[in-house]
Amino acid sequence: MERNIGFKERRYIEELRILTKATALDCVIDDRFERVIYVIRPGDMGLAIGKKGENIRRLQNVLGKRIEMVEYADTMEAFVANIFKPAE
């Protein structure tokens, strides 16, 4: 399924890249629950989260929203498993 990424999503993805050096493939802005959900490139979750969650806290302060991250996977089954897998 293809989706167009708007200006606001691109801005949030760029903020993540600047602050963490990780690559987000997509993000969902959930205004109802004041959160941003990032889809992170495989292998970049450690960079995105940072030591003891430091990068997530910094990004939350910059954006003023709660941050959630999911690692991308090629198969639907693996991606859904990543959504429900707790951070380690």
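User: Leaving aside its neighbours within four places in sequence, which residues is Thr 20 in contact with?

Analyst: Good place to start! Keep in mind that this is a predicted model. A contact list that skips sequence neighbours shows what the fold brings to a residue. For Thr 20, that list is Leu 47, Ala 48 and Asn 55. Thr 20 itself is part of helix α1.

User: Is Thr 20 buried or exposed?

Analyst: Compare its relative accessibility with the cut-off: buried means under 20%. Thr 20 has 3%, so it counts as buried.

User: What does the side chain of Thr 20 reach, and at what distance?

Analyst: To read polar contacts, look for paired nitrogen and oxygen atoms. The side chain of Thr 20 reaches the backbone nitrogen of Ala 22 at 3.1 Å. A polar atom of that side chain also lies 2.6 Å from the backbone oxygen of Leu 16.

User: Now the whole helix, please. Why does the length of α1 agree with what it should span?

Analyst: Here you can do a simple check. Helix α1 has 14 residues, and at 1.5 Å a residue they should span 20 Å. The C-alpha atoms at its ends are 20 Å apart, so the two values agree.

User: Which residues of α1 are buried?

Analyst: They are Glu 9, Tyr 12, Ile 13, Leu 16 and Thr 20. Looking down the axis of α1, you find these buried residues within an arc of 100°, so they line one face of the helix. The general idea is helical geometry: an α-helix has 3.6 residues a turn, so residues three or four places apart point the same way.

User: What covers the buried residues of α1?

Analyst: The cover includes strands β1, β2 and β3, together with helices α2 and α3. On the face turned away from the buried side, α1 carries the exposed residues Phe 7 and Arg 10.

User: Glu 9 is on that buried list. What does Glu 9 touch, not counting residues up to four places away in sequence?

Analyst: Glu 9 touches Arg 3, Cys 27 and Ile 29. Its relative accessible area is 16%, so Glu 9 is buried. Its side chain also has a polar atom that lies 3.2 Å from the backbone nitrogen of Gly 6.

User: Glu 14 is in α1 too. How does Glu 14 count at 35% relative accessibility?

Analyst: Glu 14 counts as partly exposed. Its side chain makes a polar contact with the side chain of Arg 17, at 2.4 Å. You can also compare distance along the chain with distance in space. Glu 14 and Lys 65 are 51 residues apart in sequence, and their C-alpha atoms are 15 Å apart in space.

User: What follows α1?

Analyst: Lys 21 does, and its phi is positive, near 70°. Phi is a backbone angle worth checking in loops. Lys 21 has this positive phi although it is not a glycine. Lys 21 lies in the loop between α1 and β1, and its relative accessible area of 61% makes it exposed.

User: Next, the strands. How many bridges join β1 to β2?

Analyst: Six bridges join them, and the two strands run antiparallel. To see a pair across the strands, find Cys 27, which stands opposite Tyr 38 in β2. Strands β1 and β2 form a hairpin with four residues between them. Strand β1 is mostly covered, as five of its seven residues are buried.

User: Which residue in the turn has a positive phi of about 50°?

Analyst: That is Glu 34, and Glu 34 is not a glycine either. At 43% relative accessibility, Glu 34 counts as partly exposed.

User: Last one: in the largest nonpolar core, which residues touch the most other members?

Analyst: A core can be read as a network, so look for the members with many partners. This core has 17 residues, and Tyr 38, Ile 40, Ile 67 and Met 69 touch the most other members. Each of α1, β1, β2, α2, α3 and β3 supplies at least two residues of this core. Take Ile 67 as your example: not counting residues up to four places away in sequence, Ile 67 touches Val 36, Tyr 38, Ile 56, Leu 59 and Gln 60.

Terms used
Residues numbered from 1 in each chain as written. Predicted model: local features only at pLDDT ≥ 70, side-chain atom pairs only at ≥ 80, totals over all residues. Heavy atoms only, no water. Buried < 20%, exposed > 50% of the residue type's maximum accessible area, 1.4 Å probe, protein only. Polar contact = N/O pair within 3.5 Å; in protein donor to acceptor, adjacent residues only side chain to side chain. Contact = heavy atoms within 4.5 Å. Pairing = 2+ DSSP bridges. Expected span 1.5 Å × (residues − 1). Arc of directions from axis to C-beta. Core = buried A, V, L, I, M, F, W, Y, C linked by side-chain atoms within 4.5 Å.
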